[in-house]
Amino acid sequence: MENGKDTSTSSFLSTPIEYLKGVGPQRADTLKKQMQIFIFEDLLYLFPFRYIDRTRFYPVKQLHADLPYVQMKGQILSFQSVGQGRTKRLTAKFGDDTGQVDLVWFQGVKWIQEKLRKNETYILFGKPSLYKNTLNIAHPELETLDEFKNSPAGTLQAVYPSTELMKRKGLDSKGIWKLQRNLFEQIRGHIPENLPAAVRSAYHFPSREEAFRSIHFPENAEECSKAQKRLKFEELFFIQLRLLKIKTQRSLENKGIVFGHVGELFHTFYKEHLPFSLTEAQKRVIREIRQDMGSGHQMNRLLQGDVGSGKTMVALLSMLIALDNGYQAALMAPTEILAIQHANTLHRQLESMGIQTALLTGSTRKKARTEILAGIADGSIRILIGTHALLEDPVVFQKLGLVVIDEQHRFGVAQRAKLWQKGNHPPHILVMTATPIPRTLAMTLYGDLDTSVIDELPPGRKPIKTTHRYDSSRLAVFGFIRDEIAKGRQVYIVYPLIQESETQDYKDLEDGFESIQKAFPLPTYRVSIVHGKMKPADKDMEMQRFAKGETQIMVATTVIEVGVDVPNASVMVIESAERFGLSQLHQLRGRVGRGAEHSYCILMTGNKLSEDARTRIKTMVGTQDGFKVAQVDLELRGPGDLSGTQQSGMPTLKIADLVKDQNILEHARQWAGKILADDPNLATPAHQSTAEALRHHEKRNPNWSMIS
Ligand code: ADP
Ligand code: MG
């Protein structure tokens with residue numbers, strides 16, 4: 001270790017798993033392949049996913065078939081082997097003071113018969129069920145009182161995840177439990193504390209070693225839940241500590257460009273060109289941004305707002321502040337379509353003020369590119385709009401002051417970091433999300449940023465009527481579309497495209513396009529199509545035709561998911577809606593409801609729907625609030641599978657849950673912040689073990705903030 005302080009302790013936890021008693025080369029291989037368990041520490045962090053209560057004994061009399069696994073104490077009163085060959089089985093009567101119950105074995109009969117002794121007291125563990133109207137327990141676990149002392153019986157018994165292959169190697173839940181036992185014998189006294197004493201005492205947390213013991217071998221429920229709380233806190237705390245350390249470090253090292261004043265461009269635009277009055281929420285957010293950019297610290301801010309809440313205008317006004325202070329600004333979008341659209345909007349709004357803007361994407365031609373690069377370098381181009389080609393390209397700004405990243409899920413902490421290396425003075429950064437994300441997720445994925453929220457939609461928005469229709473009623477839906485078009489409206493019909501490379505998806509799209517063209521024939525109807533395989537110029541042309549009203553129907557993939565703005569479009573039909581995630585559905589729905597009196601979102605599905613799909617559809621039909629949709633999305637997908645988390649490489653949470661543990665997360669973040677405020681480099685003796693654990697965390701999860 002670079003500081004030479006890595007004690008034998010954590011290296012002990014790094015011992016390869018094959019050195020654990022009970023794990024030979026074969027089992028080690030299985031553990032590695034099936035569970036990614038390579039070292040002692042990995043096994044320690046293999047947490048039980050539930051517990052079986054073995055602290056109490058059931059009186060036999062109270063058994064009934066609806067009970068889960070139960071534990072009893074009594075004697076084998078008799079046994080008998082019945083049947084022949086394949087039907088051969090062993091039955092026994094088990095009784096305590098209160099009554100008797102039948103036991104039955106279909107396998108391993110001979111072995112069991114030899115092992116069992118009549119009238120010896122056993123602890124029985126099994127699941128009662130009804131067979132031919134008689135209660136029995138098949139294949140119960142039986143332990144003598146001696147064995148009982150050495151097993152999870154009498155405590156809460158941890159249940160561990162396992163796989164078929166593991167079970168074949170004796171690594172079922174019980175097998176893993178035994179390994180944990182062996183592990184604990186070997187590592188007792190070697191599990192270092194990693195939370196500061198102040199934190200431990202504030203919550204009366206057990207020591208780290210105690211917590212690990214209690215989570216694997218809890219004596220009772222209370223002890224177990226204390227251990228869980230501590231380990232959850234710990235998990236979230238180190239993530240927050242890392243994020244906030246990045247944040248603290250940045251603000252210590254980076255002197256922000258000071259945008260000291262709001263000048264002429266901003267005021268002129270505000271007075272003469274603003275097409276509407278800002279909502280209170282927009283005003284508040286712009287104040288927050290202004291304050292950041294004037295503070296002398298580099299701004300790193302996340303702007304959240306529902307679809308259509310007017311984030312673009314906030315971006316524009318912020319960029320004008322940069323220009324007013326003699327700096328350039330850049331706006332980065334995730335797709336080319338969106339970049340083009342932003343470029344058009346900004347050009348339209350700023351041209352008359354003499355502000356030169358330019359669009360730079362992967363498909364900008366060489367000649368134009370050369371000119372644009374020159375314009376950026378000499379400062380004549382004041383605002384550059386583009387995709388993340390902006391990051392990759394040898395784009396050199398004369399004086400870059402602000403970067404706005406729009407509608408992104410794709411930039412992680414590390415990619416954002418690239419941005420502020422573009423110049424001696426790192427530009428201010430404003431990140432805007434496409435749809436709201438739940439607070440717990442924001443704190444984790446964007447935990448290194450400050451947050452602003454636009455919690456108000458522009459006035460005059462009409463609610464979007466959302467309905468669910470089965471494929472069988474497509475004709476009726478087409479009829480409805482004709483009526484809307486007759487009123488002068490336009491319609492989107494969106495097909496799923498989960499993987500850009502999935503040929504089947506394109507086939508669906510192309511078949512769909514054909515059948516739409518048949519159902520909506522020329523010359524009355526004109527249909528556009530846009531998808532990811534088209535050349536950017538063709539895509540743009542089709543988008544423009546639709547935007548100008550030259551076509552009435554836009555058949556598309558999710559390339560139109562983000563940001564596209566055609567106010568006259570009033571119907572969004574989503575085909576195979578069950579294949580979309582919630583935030584995608586919400587984002588798509590947001591394409592309508594921007595102008596017309598009445599807008600509609602029609603979710604088309606097949607008849608067979610999974611329970612999750614049903615919940616997604618029901619949520620969409622039931623609410624239009626992006627924050628609610630985001631919360632359900634998080635709940636459905638669970639902590640392991642959150643949107644953007646894989647891309648951002650966030651460490652998978654092993655015990656904490658971003659849905660259920662919001663409270664713990666808030667506390668963990670507060671503490672992380674407080675500790676760094678007092679001791680930004682974690683240099684004091686009180687924080688030494690925490691600093692060490694943080695280094696360990698960074699070493700173990702080196703890529704968590706990188707993007708795939
Ligand atoms: P999003 O937050 O989804 O990016 P946009 O910035 O695209 O939303 O805004 C959606 C639409 O609302 C645009 O047509 C925009 O011009 C309009 N808009 C934004 N702010 C206001 C406002 N304060 N009053 C009226 N319309 C607004
Ligand atoms: Mg937008």
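**Ligand 1 and a six-stranded sheet**

A polar side-chain atom of T312 sits 2.6 Å from an oxygen atom of ligand 1. That distance, like everything else I will show, comes from a predicted model.

Staying with the ligand, there are two other polar contacts to mention. K311 also uses its side chain: a polar atom there is 2.9 Å from an oxygen atom of ligand 1. S277 uses its backbone instead, with an N or O atom 3.0 Å from a nitrogen atom of the ligand. As for burial, ligand 1 on its own has 560 Å² of accessible area, and the protein covers 83% of that.

Which residues come closest? Out of 17 residues surrounding ligand 1, they are Q282, G308, T312, R461 and D565. By class, the shell holds seven polar, six charged and four nonpolar residues.

Now the sheet. It is open and has six strands, ordered β17-β22-β21-β18-β20-β19, with parallel pairing. Where are its edges? They are β17, residues 464-470, and β19, residues 527-530, each of which pairs on one side only. On average, neighbouring strands are turned by 20 degrees against each other, ignoring direction.

At the β19 edge, the partner strand is β20, residues 553-556, and the two pair in the parallel sense over four bridges. Within that pairing, I529 has V555 of β20 as its bridge partner.

Finally, a helix: α23, residues 611-622, packs on the sheet and touches β17 and β22, the latter spanning 599-605. The direction of α23 makes about 150 degrees with that of β17.

That is the ligand shell and the sheet; I will take questions.

Terms used. Residues are numbered from 1 along each chain as its sequence is written. Chains are lettered from A and ligands numbered from 1 in the order in which they are written. This is a predicted model: local features need pLDDT of at least 70, side-chain atom pairs count only at pLDDT 80 or more; totals for chains, interfaces and linings use all residues. Side-chain values use heavy atoms; hydrogens and water are left out. Two strands pair if DSSP finds at least two bridges between them. Axes are lines fitted to C-alpha atoms, for helices over the stretch in contact, and angles run from 0 to 180 degrees between N-to-C directions. Contact means heavy atoms within 4.5 Å. A residue is near a molecule or strand if one of its heavy atoms lies within 4 Å of it. A polar contact is a pair of N or O atoms within 3.5 Å; within protein, one must be able to donate a hydrogen and the other to accept it, and residues adjacent in sequence count only if both atoms are side-chain atoms. Accessible areas come from the Shrake-Rupley method with a 1.4 Å probe; for residues, only the protein chains shown count as cover. Ala, Val, Leu, Ile, Met, Phe, Trp, Tyr, Cys and Pro count as nonpolar, Asp, Glu, Lys and Arg as charged, and the others, Gly among them, as polar.
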